[in-house]
Amino acid sequence: MTLRVAVVGGGPAGSSAAETLAKAGIETYLLERKLDNAKPCGGAIPLCMVDEFDLPPEIIDRRVRKMKMISPSNIEVNIGSTLKPDEYIGMCRREVLDGFLRDRAAKLGAKLINGTMYKLELPQADSDPYTLHYTEHRPDGLVGDDRTLQVDLVIGADGANSRVAKAIDAGGYNYAIAFQERIRIPDDKMAYYEDLAEMYVGNDVSPDFYAWVFPKYDHVAVGTGTMRVNQAKIKSLQAGIRKRAAKRIEGGEIIKVEAHPIPEHPRPRRVVGRVALVGDAAGTVTKSSGEGIYFAAKSARMCAETIVALSQAGQRIPTEADLKTYIKRWDKEYGTTYLVLDILQRVFYRTDATREAFVEMCADIDVQKLTFDSYLYKTVVPANPLAQLKITAKTVGSLLRGSALSPTRTW
Ligand SMILES: Cc1cc2nc3c(=O)[nH]c(=O)nc-3n(C[C@H](O)[C@H](O)[C@H](O)COP(=O)(O)OP(=O)(O)OC[C@H]3O[C@@H](n4cnc5c(N)ncnc54)[C@H](O)[C@@H]3O)c2cc1C
């Protein structure tokens, strides 16, 4: 027999899963509802993704080498001096990145279907197939016929509003809403953002996250996120970041407004039967940074590699227990990263005093090096013991100075 796998969703997660499966000779279907989808996203990716996912240089629109952290009282700390000349944060357009990854998976043998899955029919017996019901989209943009597809295994890579997750009763998760305006600014203002990104913290821009100005291809993305999901609140926070960045984006024209949920933690069940969730559908975005592209692609690749290995390259159908080994591998490899970033968010994004402390701490060179290394390479390289001690003392000192550790404070 040859294993048949349907991957629902052709974002970074879905295409990465489909690529690995197709390369191994497994019969792979990649279902994407919108082939020119421009996912609402800042588009920042770590350097290690460029190598690990063989991204050609033209995928990266900008190479950010400088970051500005801006505190509630507008104290600015420049970070980036620890970067080596060839190190950078990549900025890309999602329609370009997603299109590239999807086409590559298709070239390697995945059967790309332009369609929207509207129902996943679960099998009655263990050996029965899953049936996907989808509406096909025609190249002329018109809605085509309803169709079905039968497979042995399903990967849900259909993002934060995953229908696959609902079909398997994977359980819900808390989420933040990220709101972003794409603003085309005058050339002299754009020159300032050539290789620079800004992160703003403060109650005025987000009660529990950060706001940003990221350079994109020919404009900047100005946005914010919060777990306090309320339309009026989000609009007032967006007004807050626009006000803070006012001088730098003066004369700008809003060319696009977008918003989308960002999962805050994994779903209670990421594998049910012969269905596995990956990327945002599973809830792989990290706290503190809200980073999800790399973790989506990486979780999907790990899931697909597990399927290839345990199906003996498509010769047997993996069971639920087999698929769960992907979850074990994932949690083992990244559990600590998620925990540390969750703690950082809880400690530092809480009050304006803790945010001031956070920005102050970012001025420290050892802190900068540790932060960049962890972000760019996704390996927490421990600082030498002396630097580690210094970082700890600095953290506590900054928090105390900001009265953030005051015994009377209620958390
Ligand atoms: C405003 C904002 C800014 C962000 N900035 C960053 C950033 O700078 N860096 C970063 O790393 N992360 C960022 N993120 C997070 C990042 O966008 C996500 O984590 C990432 O896109 C997850 O990839 P994915 O493949 O799991 O899901 P998605 O990218 O959401 O892809 C899901 C795909 O599935 C398709 N689909 C959905 N339902 C169906 C269906 N029923 N049938 C067929 N196809 C379907 C969709 O069209 C889509 O192409 C940001 C998020 C937001 C909202």
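**Close-ups of a ligand site, a helix and two buried residues**

**View 1. Who surrounds the ligand in this predicted model.** By class, the ligand's shell is made up of 14 nonpolar, 13 polar and 7 charged residues. Here Ala, Val, Leu, Ile, Met, Phe, Trp, Tyr, Cys and Pro count as nonpolar, Asp, Glu, Lys and Arg as charged, and the others, Gly among them, as polar. In total, 34 residues surround the ligand, and the closest are E32, K39, G42, R94 and D280; a residue is near when one of its heavy atoms lies within 4 Å. Numbering starts from 1 along each chain as its sequence is written. Because the model is predicted, local features need pLDDT of at least 70 and side-chain atom pairs count only at pLDDT 80 or more, while totals for chains, interfaces and linings use all residues; side-chain values use heavy atoms, leaving out hydrogens and water.

**View 2. Polar contacts to the ligand.** A polar contact is a pair of N or O atoms within 3.5 Å; within protein, one must be able to donate a hydrogen and the other to accept it, and residues adjacent in sequence count only if both atoms are side-chain atoms. The side chain of E32 puts an N or O atom 2.7 Å from a ligand oxygen. D280 also has a polar side-chain atom 2.7 Å from an oxygen of the ligand. With A44 it's the backbone: an N or O atom there sits 2.9 Å from a ligand nitrogen. On its own the ligand has 1000 Å² of accessible area, and the protein covers 96% of that (Shrake-Rupley method, 1.4 Å probe; for residues, only the protein chains shown count as cover). Among the elements, β8 gives the most to the shell, with 3 residues; helices (H or I, at least four residues) and strands (E, at least two) are DSSP runs numbered from the N terminus.

**View 3. The two sides of helix α6.** The buried residues of α6 are I234, L237, Q238, G240, I241 and R244. Buried means under 20% relative accessible area, exposed over 50%, and partly exposed in between (1.4 Å probe, protein chains only). Down the axis of α6, these buried residues fall within an arc of 150°, so they line one face of the helix; the arc is taken from directions from the helix axis to the C-beta atoms. Turned away from that buried side are the exposed Q231, A232, K235 and K243.

**View 4. H219, tucked into a loop.** H219 sits between β14 (206-215) and β15 (220-226), and counts as buried at 6% relative accessibility.

**View 5. T20 in helix α1.** T20 is buried at 15% relative accessible area, and its side chain reaches the backbone oxygen of S16 at 3.2 Å.
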